[in-house]
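Trainee: I've got this model open and I'd like a close look at one part of it. Could you pick a single residue, walk me through its surroundings, and then move on to where the chains meet?

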Amino acid sequence: MVERRRFGNLIPHLILWVGIALVAFPVYLAFVASTQDNAAIANGQMSLLPGDLFFETYYKTLFVGTSGSTREPVGTMLFNSFVMAMAIAVGKIAISILSAYAIVYFRFRFRMAVFWLIFITLMLPVEVRIYPTYKIAADLNLLDSYSGLTLPLIASATATLLFRQFFMTVPDELLEASRIDGAGPVRFFKDTLLPLSRTNIAALFVILFIYGWNQYLWPLLITTRDDMQTIQIGIRKMITTSDALTEWPVVMATAVLAMLPPVAVVVVMQKLFVRGLVETEK
Amino acid sequence: MADVTLRDVRKTYAGGVEAIKGVSLKVADGAFCVLVGPSGCGKSTLLRMIAGLETVTSGEVDIGGRVVNAVEPAARDIAMVFQNYALYPHMSVYNNMAYGLRNRGLARAEIEARVHEAAQILEIEALLARKPKQLSGGQRQRVAMGRAIVRHPKVFLFDEPLSNLDAKLRIAMRVEIRKLQRRLKTTAVYVTHDQLEAMTLADLLVVMNGGEVEQIGAPLEVYQKPATTFVAAFIGAPPMNLMPAAHAGPNGWADSLPPGAVVGVRPEDLMLGQDAPAGGLRLPLTVEAVEHIGAESFVYGKVSSKAAAGDDVIVRVAADATPALGTSVAVTASRDKLHLFGADGRRLAD
């Protein structure tokens, strides 16, 4: 398909443009709404061009918050969400790479049993075990805390499995060469396995960061204080107002702001991310 | 500098499979010992036991007068070159060679001196900053050797180090490994399935089969006096012709052999010609295939005599004396070129 035809590409391009428009239009609409006057939006007379309230709305959103439903500025929510997503991503990677290392490289009793136990947790996502998890978190005084937000979500089988599969493709001779070179288990892990897993770690980090960022149910349960809520919860609380008008520009600005960190992570990690998915560097 | 001694070394795997069935062996200080055998004969396992990568079920592995059965690989003072080189993919060539030295806590200046010395010997100084991925197969091979040299080990262990190279490079590297080992005067144990590699490299050739040693000796000694039919068939290309003594036809010596005896004769010891020397062997052949390899040819024939009808025989002849396909010829060998083996496959006293 090297041949270039002037109109041959037209239809595929058309389809692609329609697809892009379908995805991008709501985002654009959110941005436009966040720069306009609330009254215009409420009247249903919103312009499709950005308004002139950009700085005013975003300043209010970030540092002041809505006047009604949730009085917390979105800056705090962004911070909470960021802490939560980071802790989940880093914590999951740290725990799962170590447990995969143990499962693949060490012979201990009940090794396979341990592996299957970890594997089975795949079938029990947070939603299924939500009550016992909540009970434990409450008993441990983890409500309204960062540890409560993150710890229950950190123990993860997916990442363990992924690292296990990767470790099994690392040639045994590398381990043997390391042993002859005088590297013990810790050195082998640090000097050889970790650098080799770099792209895998990056790919996982992107996936897990977004996973953590998009958490909704668990933060909804575990946090009650306004200053502990994440941005996903904040948006929802802003929309439901009992007596006042929903402040749509602020809601939309929050939505736009909520999209930015995951986008930033993907953009920054893209190169490594793609390499982690398509190639194994050996 | 050290000798390597194995005393009745055995290896039994957890499943009860006996991989090494009692091997005793002594490699003198500075000697080049080659373990050769078909795949699955236990030669790699034996090497890995010397390296400390496999446990020893029973027996003793002794390096330089110290029994090392329970010593970690890193503390055995050995260096190993792997078949797939096992270079650290994320480290530069320099770091690949320096890694083991750093782990041993050598001073930075000493490490640098050793790496550069090894790089100079192997002519890879220009590659020190590169990653293994950017190297050709031959260059990787050199780096793997370099990693072994910098350690100044007592023993080099090679696990089929040349089998991933193309034929030409393999021969060149073979010569180089030999030169290098002579120069460094370090004891070496080398595993290969290639009998030509084994013959050309070894001071001491160890032929293994089914977890046991078939024969230990200097390469030419093994070639000229194979201890068993297995060695006779394995060492030498094309392999020695082997046939039941009864097929050799009625003659004086064959009749006095024990029942089930086997006669062997190497392709190059067979001559085209009608008359057998006194007490020798004469076989009438039909030529079935001919391989010209330049200065000489290999003739594949079927014996047409009544006693040995259907036996396959390979004969090496000069290129200008190659018989045509389908013709009938006779080949002969004198008595002193014949190898006689008993029914158990062991060589009979000459």
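Mentor: Sure, and keep in mind that this is a predicted model. Let's start with the company A:Ser197 keeps: setting aside neighbours within four places in sequence, A:Ser197 is in contact with A:Ile97, A:Phe163, A:Phe166 and A:Phe167. In chain A, A:Ser197 sits in the loop between helix H10 (185-196) and helix H11 (198-213). Is that serine buried or exposed? A:Ser197 has a relative accessible area of 0%, so it counts as buried. Its side chain does have a polar partner: a polar atom there lies 2.6 Å from the backbone oxygen of A:Leu193.

Now for the place where chain A meets chain B. Here 18 residues of chain A are in contact with 23 residues of chain B. Between them the two chains bury about 1,800 Å², with 56% of that on carbon and sulfur atoms. On the chain A side, A:Arg179, A:Ile180 and A:Asp181 lose the most area to chain B, together 39% of what that side buries.

As for charges, there are 2 salt bridges between chain A and chain B. One of them joins B:Arg48 to A:Glu176, with the closest N and O atoms 2.7 Å apart. You'll also find 11 residue pairs in polar contact across the two chains, counting pairs with both residues at pLDDT 80 or more. Helix H9 (172-180) and H10 of chain A each supply at least two residues of the side touching chain B, and H9(A) gives the most, with 7 residues. By class, that side of chain A has 7 nonpolar, 3 polar and 8 charged residues.

Notes:
Residues numbered from 1 in each chain as written. Chains lettered and ligands numbered in written order. Predicted model: local features only at pLDDT ≥ 70, side-chain atom pairs only at ≥ 80, totals over all residues. Heavy atoms only, no water. Helix = DSSP H or I, 4+ residues; strand = E, 2+ residues; numbered from the N terminus. Buried < 20%, exposed > 50% of the residue type's maximum accessible area, 1.4 Å probe, protein only. Polar contact = N/O pair within 3.5 Å; in protein donor to acceptor, adjacent residues only side chain to side chain. Contact = heavy atoms within 4.5 Å. Buried area = accessible area lost by both parts, 1.4 Å probe. Salt bridge = Lys/Arg side-chain N within 4 Å of Asp/Glu carboxyl O. Nonpolar A, V, L, I, M, F, W, Y, C, P; charged D, E, K, R; others polar.
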